[in-house]
Amino acid sequence: MSKVKALFATALLLLAVVETKAWDYDIVISTENTSLVYSANKGGDLRFSHYGAKIAPDEVGPLHGIWAGMNRVAYPTYGSEFNVLTSLQVVHADGNTTTFLALKDVATYPASDGEITVITLRDRHYPFEVKLNYHARKATDIIEMWAEITNLEKKPVTLKRMDSGFLPVRRGDVWLTHLHGAWTAETQITSEPLRPGVKSIRNLDGARNGQGDHAEVMLSLDGAPQENVGRVIGAALCWSGNYELRIDTENDFCHNLMAGISTEMSEYRLEPKATFTTPRLAVTYSTEGMSGVSRNFHRWARAGQMHGGSTPRDILLNSWEGVYLDVEETKMNEMMRDFAALGGELFVMDDGWFGDKYPRDKDNSSLGDWVVNRRKLPHGVEGLIEAAKKNGIKFGIWIEPECTNTLSELYEKHPDWVLRAENRDLRLTRGGTQLLLDLSNPEVQDFVFSVVDDLMTKYPDIAYIKWDANTGANNIASPYLSRDKQLQVNIEYHKGLEKALQRIRTKYPHLVMQACGGGGGRVNYGTMPYFDEVWVSDNTDALQRIYMQWGTSLFYPSMAMAQHVSASPNHQTGRRIPMKFRFDVAMSGRLGMEMQPSTMTESEKSFARRAIADYKQVRDIVQFGDIYRLISPYADRGVASLMYVTPEKDRALFFAYKILHYRYQPIPRFSMAGLDADKTYRINELSIPEGKSPSYLHGVKVKGSMLMNVGIEVPLGDEYASRVYELVEVK
Ligand code: DGJ
């Protein structure tokens, strides 16, 4: 090729690369470190241009050439897009099944922690509008997106699909990480490369949605996921009901992430002038690996997406694994006394305290009859609260307000308050008698509110409520909803639940509430605005908890993760694990106990006292610090390790656990992360059993750069060895 020809070819190539497509609008939605960009022509389609690294508005124009292949329509609708999965499917009032949206206007409003951008789209023919909302939470790098769909037609329209968000991701070596599991084995992690085809992640329990697949995903953009390096997108659908997350890997440029309410036998009839608001989809982007995405979600949660995100959590004893349903006044009083002596701060009386005509002696009766059983508790809840006060601790109580049993006064009085399908036998769950109330019914919403309200009115000193839900929606039809609305029962249930919870939170903002769903069934950001914490799992085996807590921590902050030390052998697995290991695992989140303290030996008690005292000293680091996961239990290296660092990087807390044990086992070196390379830290070993010496690292002063770049050798000799090191800046 001649020089001239070569120059010409290069110029053409350059032109192709920098060619800019002119758009009337580039809508740049930015947080501190990220940007989401849409582009549109007046009266034309809204197109997705970019999500990821931050871009200044004046940098957008020249980049359009690169994005040409990526310009997917921002919210694909059935009929206007060909041969792709769509996010919005509508049957209009006249039966037309297609929707063609065009840009109407764009508005931006300041919000306390950032900005809300509202992009209004209108159908080209029908009076039908969709507002796409984006709340950019500047400081936490989270963008929440949701759609408001308004029917301005003369008759009802039917929403067949209404995703909260649609997000194309450029194809490459992209890996999906998601959580799944089952009762007593929740939040297992799976990471897999995205291949052509559709990956669907969904939950159809009806009532709880965190026990099987989870409504959160991470997409690692630089190959197999890493904890502290690499570009990662995180997404969490904030909805307590059935959902579906779809990732459609196209045959050309994109993986399309679509997330929304599940449409499995579910649709929504939208009346004229009515607006349907989808749940929020929260997305974030980090260049600091999966831990970076976790830190963004955690900060966002603590800043308002969960309840009580700025209040330190008490150390509690829950009565369940100590006495199960055998709740009885003397036992409760003894547990409170013994726990207070260990340094505990709050006692929670679990299931078994209620029922008059039908005493809750077994799990087959009484739900709904929220009156004290005087045989079990002669001095009532007030007597227990007095006893708690005498011991200097707070008092909490268990309820399951969304449920009833066929053996209950509530069911006898209101058989029409439960979900049930006409002409079908009731499908009964726990105890062979349990049923789910019909929360689409406003009377039932009032009742659920009153369960909490009555307790709090009678016993205003109740400091904590454990809100359980031990059944899914097995009878999925509502006696309350009209026949033409039966397909929206799954949605109405959760709207009803939300209404009841909102009333409770308005009236009782300081009450601490745990979301429990027969274990980890309620781990979802749809419920978190009303709850201070979640019960991670009914499995309290410390070894298995390392895996489950690791998974939960991908999206949920440690202060929200209830982690309890239980008996050995463990009640779920039969495994025998030393008390130190059990404590060290529980101390990495919201520490609690779940056993009968009277069965503990004197040396166990003395260790528990020391560990609880140590936890109090570092509680702020665990509960408010930034997580850095170091060695994953899933990495098959025989150990697991994580740490928390304060925002000022002046203190940190490091955990290491031995999870495999054999002769000549290579224990890796532990490289820390998140510290200030230039600061010097003193290592202070915590949680040391009486009579044992701390490891050689105790008292050593090391620079942050050494701890992160060279790492430390952690003595983990015995089976179930574990270490907890506090790091304090030496000034
Ligand atoms: C299931 C919960 O997960 C347990 O912790 C306990 O509260 C029981 N329900 C009580 O029935």
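Helix axes whose angle is under 35 degrees count as roughly parallel. In this predicted model, helix H10 (residues 542–553) and helix H11 (579–586) pack at an angle of about 15°, so the two are roughly parallel to each other. Their axes sit 9 Å apart, and the crossing is left-handed. On the H10 side, the contact is made by Ala 542, Leu 543, Arg 545, Ile 546 and Gln 549; on the H11 side, Phe 581, Arg 582 and Val 585 take part. Sorted by character, the residues of this contact come out as five nonpolar, one polar and two charged.

A second helix pair is H8 (residues 442–458) with H9 (residues 489–507). Here the angle is about 30°, with the axes 9 Å apart, and that makes H8 roughly parallel to H9. H8 passes H9 in a right-handed crossing, whereas H10 and H11 cross in a left-handed one. H8 brings Gln 445, Asp 446, Val 448, Phe 449, Val 452 and Asp 453 to the contact, and these meet Gly 496, Lys 499, Ala 500, Arg 503, Ile 504 and Lys 507 of H9. The tally for this contact is five nonpolar, two polar and five charged residues.

Turning to the ligand, 13 residues surround it. The closest are Asp 350, Asp 351, Lys 466, Asp 468 and Asp 538. For Asp 351, a polar side-chain atom lies 2.6 Å from an oxygen atom of the ligand. Gly 519 also approaches a ligand oxygen, but with a backbone N or O atom, at 2.9 Å. A ligand nitrogen, meanwhile, has a polar side-chain atom of Asn 470 lying 3.4 Å away.

Two spots in the backbone are worth a look as well. Most residues other than glycine have a negative phi, and most peptide bonds are trans. Ser 568 and Pro 569, however, are joined by a cis peptide bond, with omega about 0°. Pro 569 belongs to the loop that runs between strand E28 (561–566) and helix H11 (579–586), and that helix is the partner of H10 in the packing described above. The other spot is Ser 687, a residue other than glycine whose phi is positive, near 55°. Ser 687 is likewise in a loop, this one between strand E33 (680–686) and strand E34 (701–703).

Technical notes:
Residues are numbered from 1 along each chain as its sequence is written. This is a predicted model: local features need pLDDT of at least 70, side-chain atom pairs count only at pLDDT 80 or more; totals for chains, interfaces and linings use all residues. Side-chain values use heavy atoms; hydrogens and water are left out. Axes are lines fitted to C-alpha atoms, for helices over the stretch in contact, and angles run from 0 to 180 degrees between N-to-C directions. Helices (H or I, at least four residues) and strands (E, at least two) are DSSP runs, numbered from the N terminus. Angles under 35 degrees count as roughly parallel, over 145 as roughly antiparallel, 65 to 115 as roughly perpendicular and the rest as oblique. A crossing is left-handed if the near helix is turned anticlockwise from the far one by less than a right angle, and right-handed if clockwise. Contact means heavy atoms within 4.5 Å. Ala, Val, Leu, Ile, Met, Phe, Trp, Tyr, Cys and Pro count as nonpolar, Asp, Glu, Lys and Arg as charged, and the others, Gly among them, as polar. A residue is near a molecule or strand if one of its heavy atoms lies within 4 Å of it. A polar contact is a pair of N or O atoms within 3.5 Å; within protein, one must be able to donate a hydrogen and the other to accept it, and residues adjacent in sequence count only if both atoms are side-chain atoms.
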